[in-house]
Amino acid sequence: MSPLDNQTSSTTLPPPPPPGSNAAAAVVGASKVYGSGDSAVYALNDVSVEFRKGEFTAIMGPSGSGKSTLMHCIAGLDELTSGDAYVDGVNLAKLNDKDLTVLRRTKIGFIFQAFNLVPTLTAEENIKLPLLLGNEDGDAEWIARIIETVHLRDRLTHRPSELSGGQQQRVAVARALASRPSIIFADEPTGNLDSTTGTEILTFMRRAVTDLGQTIVMVTHDPVAAAYADRILFLADGKVVDEMREPTAAKVLDHLKSLGN
Amino acid sequence: MFRIALKGVLARKGRLILTSIAVVLGTAFLSGTSVFTATLNRTFDNLFSDVFKNVNAYVRSTEVVDTDFGFQERQRIETSLVDVVAEVPGVDAAAANLQAFARIVGKDGKPLGNEGNGPPTFGSSVVDSKADIWQMSQGRFPEGMNEVALDEASAEAGKFVLGDTVKVITAVGSQEFTLVGIANYGDVRSPGGATFALWDVDTASSLLAKPGLIDAVIVVGDGTMTDEELTAQIQAALPTGKNLETITGAQITKETQDDIKTALSFFGILLTIFAFIGLGVGSFVIYNVFSISAAQRQRENALLRAIGASRRQVTLSMLMEALAVGLVGSVLGLLGGIGLSAGLTALLKAIGVDLPSSGLVVGTNTIVQTIIIGLIVTVVSALLPAFRAGRVPPLAAMRDTALDTAGKLRVRLVLGGTPLLGGVALIGAVIGGARTELLGLAILFIFIGALTLGPLVARPVALTLGRPIASLRGVTGRMARQNAARNPKRTSRTAAPVLIGVALVTAVTALAASIQAEIRGVFGEQFTGDFTISSEAQGFGGLSPSLALDVAKIDGVKQATGIGQSVVEVEGKGRFITVINPKTVEGIFDIGLLDDAKVTSLSKSGVLVSEKTAERDNLTNGSTIPAKLSDGTQVDLVVEGVYANDQLAGRYTVSSELFEGTTVSRFDFGVYILKTEGTDSAALRSDLQKLVDSYGSGTLLSKDEYIDKQAAQVNQLLGLIYGLLFLSIIIAIVGIIITLLLSVYERQREIGLLRAVGMTRGQVRSTVRWESVITSLIGAVTGILLGFVLGYVVILSLRDQGITKFELPISSAVTILIVAFVVGVLAAAYPARRATKVDVLAALNTM
């Protein structure tokens, strides 16, 4: 039996409907539990969220609030204990490892905090990696446009060790965009960068949403980074506790202070 | 610090086991060899002390001809001595002993046993006496010219029962006998798998030696005096001036045991060489594993340094780990070796070598030797990585790890290039006429050079070999290619075992191909006949000399000649000499006589010598060579000619007439046949075959078949070397597996990332597999190149032996490449599976 059955909130309700057609990804009644019985720990506790197409969402919250778990579960890297995760209308629970891998390759882009690139491949190969893995050519014009946007044209034959941290993250952004995924997940993408380079990366991400119509979900601690998003979800103790639209850094800071109290 | 080292070892049991495996393989073969040889020695010791347990004295001739090859011919003694000895006070029983070549022909017309390669086939005298070793288990002792007894194993193998007719081939031809008895040799059915036909003493003498002659007298005392006293008594009673000696039972036991040990020691030495090559190859694996583990632990070691551990302490802790690994590996290797030797013993039994079982002999020296050598090899292999670990600066704790460069390029280029060029220069010098012995040094230099330069060439070679894979296999191939090239030191160390094994095999294959080409050339030129009847018995027995005479009588045969071999003592040393029939050999075999000498005029005590022998010993026509035949006959051989082609004839060639009137048993190793012009070959062949069948021994071959067969003998050498290849392949596979496992462990984050952005498990596997294939191919390709050089060098060193053709074994090289490919795929199986099991989230979370 699912530990969720102890919860009064969801057991009596009918199963929630699948997400609407303008959602790039969503979770419905999502819970992630480690351990069982008294020692059960809820990393996610009955979370339902939608990420609309063409929207830039930031997820904030203290360490252990479940924000990374939420992202991993929607991205098909981790499994929910109960509830459903959807990407592009597909229920991830129905997919085996192979299908999940293909889904990640074709529908999802990733930007990690560090170690984003395969050290043995050139910048260009890293950018095209998901396409190469799928043995696809991709949209050459689109890729050229991305490379132009992130200013990497003269760095394409370099290997990651020959690139600066900022350049490496730009390659990672370009890779995430290369296959025109339905949604891009970014996990603290500027966490390892100085503020100037960080700003540059965030600007690229913003432009990818505004100019190119991409969907991005970003996990971050940084109020300044979060202010680039269209909306912010605040997580605490495995639950979505608040949401903010049209954020600014100042508003975010204030909000975090209020949460702290 | 010791405790830290110990904890380090225990905390990483996986790595401990991996490293130990490399030690286990090397030491297992060593201890297996040691246990096996000790067991074999003990078995024969037991067998002969059992056989001679009732023997108190042994009378034989003092005249003996020894050769370089441990082959010994002792002069025979008169049968009448048995009665003389039997009369000596203190003697209870005396029996004749005679043993020589004889082959039992099975009911299907084929001789029993494996001619050439199997245990020997004997005929022997047997007598109903306490002093005889043979005892009848069925029937009775044979008597007279028409009765024979067989050892139990042969009777069973040939499905013979009492009353059957048995055909036996001896020096005087083949004859049929009635089987009247089946015998045991002491407690065994047949000693060491040999076959025995047994006759009464007089029959045995006339068939195996000459009437009236036996090998020795076996004496059993009546217990009234010690063996020494008995021996002295008998010696005193023997006629003087006949070169006779009496030794005690203990002495003959010891002598026989020592003879067997000497014969077996070649085998033991060979196995030990294999074991040490295996250990040497294994040490590369050990060195590699310690290097990788030191690189992976750079952070940890740097942290230890940062918080105050000295260089010495870091180095020592690594060496402690090596000691633990060496100990675990050696103990496991010892146990593995005991198992291996039990397997070998069982294998011997399975192929029909019936030995009395005496249990495995695991001597203290085997245990001590295995463990000490295992420890030394492990610790020495770990020295360099340990010192390097000590040199890690504390600041490295803050850096990312496991970046390995090829070190200081220029230094390495000099360190590796110098011996390589030196080796090449030495080869050049030898081609130019310098001493052949320098080639050994050249090989050593070239190997050292190649292994030192390995890390420098590993990257370009990996990239080149990986190119087709990268273009065929897409991005996984591309990554495999880059992975193989990214740690050039590691890759070259991993490929080194493959390189060494492949180089040795290629060299030997090249040598074999060249020898075969040489043999074909030599036989093609010197043998001008149409058919041969050849015997595979090498140096022991063969074809009866009467066969050649009978062949000559067949219609359609223009000429037939028998060629044999005997042992003659020249200047105190036994020499193999070629024995021909001067009247019939002309026109069939051409040994290239110089200066108008004629083979047909070779006289009874004449000798033809090779050009080299003539030069070395200053011999010209008319020189005399004092010689002693194996029955003790002294002759002064007169040189009557010098010949150029010594590949077949060797150093001395004499006439078969020389042995007339002596007691030397003579055999031909081949009969060479020239047909009358216009005779139908097929018809002649079937006539010849009938004759061969009636003799029951020998193989009839056409000229071409004969030459093929001579060339094929070289393949036996190859078989031996392929055993070695197998050993180094196993070690190479283990080396690749270990390296890949460590690389996979090291690249967890990368694999996690790749899986996250959409690499399937199949693609992960494929990447690891191709990396493994590339690594294995690097070893194979460089090994083949090195092997060609090595093969050329070996052939160069044999130029004085008349081997001059150098043939590149291209087809073998292709086979080796295919094997290397398969090795790569096999070795990757487990590491690839481990790579697919990498937990994506865990890998990502360590970022």
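The paragraphs below lead through a predicted model of chains A and B, beginning with the overall form of chain B and ending at the contact between the chains.

Chain B has 847 residues, of which 48% are buried, and its C-alpha trace extends over about 95 × 70 × 50 Å along the principal axes. Its secondary structure amounts to 24 helices and 25 strands. Among the contacts in chain B with a separation of 6 or more, 83% join residues 24 or more positions apart. The domain assignment divides the chain into domain 1 (76-242), domain 2, which is made of the two segments 457-528 + 703-847, and domain 3 (537-697). Taken over C-alpha atoms, the centres of domain 1 and domain 2 of chain B are 55 Å apart.

A convenient place to enter chain B is an open sheet of four strands, which are arranged in the order 5-15-1-16 with antiparallel pairing. Strand 5 (91-97) and strand 16 (244-248) of chain B form its edges, each of them pairing on one side only, and from one strand to the next the twist averages 20 degrees. Strand 1 (residues 57-61) of chain B is joined to strand 16 of chain B by five bridges in the antiparallel sense, and strand 1 of chain B also pairs with strand 15 (residues 216-221) of chain B over four bridges, again antiparallel. Individual residues show how these pairings are laid out: B:Tyr58 stands opposite B:Ile218 in strand 15 of chain B and opposite B:Ile247 in strand 16 of chain B, while B:Ser61 has B:Leu244 in strand 16 of chain B as its bridge partner. Strand 1 of chain B is mostly covered, with four of its five residues buried.

From this sheet the path continues into a helix. Helix 7 (residues 249-296) of chain B packs on the sheet and touches strand 1 and strand 16 of chain B, its direction making about 90 degrees with that of strand 16 of chain B. Helix 7 of chain B also packs with helix 13 (residues 488-526) of chain B, at an angle of about 175 degrees and with the axes 9 Å apart. Because angles over 145 degrees count as roughly antiparallel, helix 7 of chain B is described as roughly antiparallel to helix 13 of chain B. Residues of helix 7 of chain B in this contact include B:Phe284, B:Tyr287 and B:Ile292, and those of helix 13 of chain B include B:Arg490, B:Pro497 and B:Ile500. By class, the contact between helix 7 and helix 13 of chain B has eight nonpolar, four polar and two charged residues.

Elsewhere in chain B, helix 5 (residues 201-208) has B:Thr203, B:Ala204, B:Ser205, B:Leu207 and B:Leu208 as its buried residues. These buried residues pack against several strands of chain B, namely strand 6 (99-101), strand 8 (121-125), strand 11 (165-170), strand 13 (195-199) and strand 14 (213-214).

Chain A also contains an open sheet, here with six strands in the order 6-7-8-3-9-10 and with mixed pairing. The edges of this sheet are strand 6 and strand 10 (239-245) of chain A, each of which pairs on one side only, and neighbouring strands are turned by 20 degrees against each other on average, direction ignored. Strand 9 (residues 231-236) and strand 10 of chain A are paired in the antiparallel sense over six bridges, with A:Leu235 opposite A:Val240 in strand 10 of chain A. Helix 8 (residues 195-210) of chain A packs on the sheet by touching strand 3 (56-60), strand 7 (183-187) and strand 8 (216-219) of chain A, and its direction makes about 150 degrees with that of strand 8 of chain A.

Helix 3 (residues 97-107) of chain A leads towards the partner chain. Its buried residues are A:Leu100, A:Thr101, A:Leu103, A:Arg104, A:Arg105 and A:Lys107. What covers them includes strand 4 (82-87), strand 5 (90-91), strand 6 (108-111) and helix 5 (129-133) of chain A, together with helix 21 (748-756) of chain B.

The contact between the chains takes 23 residues from chain A and 21 residues from chain B. On the side of chain B that touches chain A, helix 12 (438-486), helix 21, helix 22 (761-797) and helix 24 (840-845) of chain B each supply at least two residues, and the largest share, six residues, comes from helix 12 of chain B. The residues on this side of chain B divide into 11 nonpolar, six polar and four charged.

How values were computed
Residues are numbered from 1 along each chain as its sequence is written. Chains are lettered from A and ligands numbered from 1 in the order in which they are written. This is a predicted model: local features need pLDDT of at least 70, side-chain atom pairs count only at pLDDT 80 or more; totals for chains, interfaces and linings use all residues. A residue is buried if 20 or more other C-beta atoms lie within 10 Å of its own, exposed if 12 or fewer, and partly exposed in between; C-beta atoms are placed from the backbone. Two residues are in contact if their C-beta atoms, placed from the backbone, lie within 7 Å. Ala, Val, Leu, Ile, Met, Phe, Trp, Tyr, Cys and Pro count as nonpolar, Asp, Glu, Lys and Arg as charged, and the others, Gly among them, as polar. Domain bounds come from an automatic or database domain assignment. Two strands pair if DSSP finds at least two bridges between them. Axes are lines fitted to C-alpha atoms, for helices over the stretch in contact, and angles run from 0 to 180 degrees between N-to-C directions. Angles under 35 degrees count as roughly parallel, over 145 as roughly antiparallel, 65 to 115 as roughly perpendicular and the rest as oblique.
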